[in-house]
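These are my notes from going through one model, entry by entry. I wrote down what I looked up and what I found.

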Amino acid sequence: QVQLVESGGGLVQTGGSLRLSCVASGRIFNIYSMNWYRQAPGKERELVAGATSGGRLNYADSVKGRFTISRGDSKNTAYLQMNSLKPEDTAVYYCNADVLVNIEMARRDYWGQGTQVTVSS
């Protein structure tokens, strides 16, 4: 089993910053990418930022220049530094990882339980 655990969410005022963390644990052979998604009430889940094991990064247009995704040295961790937060960033943020458990199984997505980020105006 693979588990993803997020932390770092909370309440912050407009213009403030938060740093989210995600740690992957369990039977892991390789993690190909770690990503952050978010889902606001009444909206679909959307990709916020992604980081591949090869170092390629991508961001949603709405967060470019404000959010930074990074991977830890262990490669089993991912961070999302969120600056200049806006009320429209309010959502539950989910960590996602594309994981290969062993070479006999297909790689698949795993999800964390989510962490609430609320930006007050």
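**Entry 1: Lys75**

I started with a single residue, Lys75, which counts as partly exposed because its relative accessibility is 43%. I note here that the model is a predicted one. Lys75 sits in the loop that runs between strand 7 and strand 8. I looked up its phi and found a positive value near 65 degrees, in a residue other than glycine. For background, most residues other than glycine have a negative phi.

**Entry 2: Ser84**

I then looked up another positive phi. Ser84 has one of about 50 degrees, although Ser84 is not a glycine. I found Ser84 in the loop between strand 8 and strand 9. With a relative accessible area of 42%, Ser84 is partly exposed.

**Entry 3: the strands around Lys75**

I went back to the loop of Lys75. Strand 7 and strand 8 make a hairpin, with five residues between them, and Lys75 is in the turn. The two strands run antiparallel and are joined by five bridges. I asked myself which residue in strand 8 is the bridge partner of Ser70. The partner is Tyr79.

**Entry 4: the sheet**

What is the order of the strands in the open sheet of four? I wrote down 1-3-8-7, with antiparallel pairing. The edges are strand 1, residues 2-7, and strand 7, residues 67-71, and each of these pairs on one side only. From one strand to the next, the twist averages 15 degrees. As a reminder to myself, strands of a sheet pair through backbone hydrogen bonds.

I also checked the pairing of strand 3 with strand 8. Strand 3 covers residues 18-26 and strand 8 covers residues 77-82, and six bridges join them in the antiparallel sense. Leu20 stands opposite Leu80 of strand 8.

**Entry 5: the disulfide**

How many disulfides does the structure hold? I found one. The disulfide is formed by Cys22 and Cys95, with their sulfur atoms 2.0 Å apart. Cys22 lies in strand 3 and Cys95 lies in strand 9, so the pair ties together parts that are 73 residues apart in sequence. The general point is that a disulfide is a covalent bond between the sulfur atoms of two cysteines.

Is the disulfide of Cys22 and Cys95 left-handed or right-handed? The torsion about the S-S bond is about -80 degrees, so the disulfide is left-handed. I looked up accessibility for both cysteines. Cys22 is buried, with a relative accessible area of 0%. Cys95 is also counted as buried, at 0% relative accessibility.

**Entry 6: the nonpolar core**

I turned to the largest nonpolar core, which has 31 residues. Those that touch the most other members are Met34, Trp36, Val48, Phe67, Leu80, Met82 and Tyr93. At least two residues of this core come from each of several strands, including strand 1, strand 4 (30-39), strand 5 (46-52) and strand 11 (115-120). Strand 9 gives the largest share, five residues. In soluble globular proteins, nonpolar side chains tend to be buried together.

I picked Met82 and listed its contacts, leaving aside neighbours within four places in sequence. Among them are Leu18, Leu20, Phe67, Tyr93 and Val117. Gly16, Ser17 and Arg66 are also in contact with Met82.

**Entry 7: Arg38**

Is Arg38 buried or exposed? Arg38 counts as buried because its relative accessibility is 6%, and the cut-off for buried is under 20%. Arg38 lies in strand 4.

I looked for polar contacts of the Arg38 side chain. One is with the side chain of Ser62, at 3.4 Å. Another is with the side chain of Asp89, at 3.0 Å. Leaving aside neighbours within four places in sequence, Arg38 is in contact with residues including Glu44, Glu46, Val48, Phe67, Glu88, Val92 and Tyr93.

**Entry 8: Val92**

Val92 was on the contact list of Arg38, and I looked it up last. Val92 is found in strand 9. Outside the neighbours within four places in sequence, the contacts of Val92 are Tyr37, Arg38, Gln39, Gly114, Thr115 and Gln116. How far apart in space are Val92 and Glu104? They are 34 Å apart, C-alpha to C-alpha, and twelve residues apart in sequence.

Definitions and conventions
Residues numbered from 1 in each chain as written. Predicted model: local features only at pLDDT ≥ 70, side-chain atom pairs only at ≥ 80, totals over all residues. Heavy atoms only, no water. Pairing = 2+ DSSP bridges. Axes fitted to C-alpha atoms, helices over the stretch in contact; angles between N-to-C directions. Core = buried A, V, L, I, M, F, W, Y, C linked by side-chain atoms within 4.5 Å. Buried < 20%, exposed > 50% of the residue type's maximum accessible area, 1.4 Å probe, protein only. Contact = heavy atoms within 4.5 Å. Polar contact = N/O pair within 3.5 Å; in protein donor to acceptor, adjacent residues only side chain to side chain. Disulfide = S-S within 2.5 Å.
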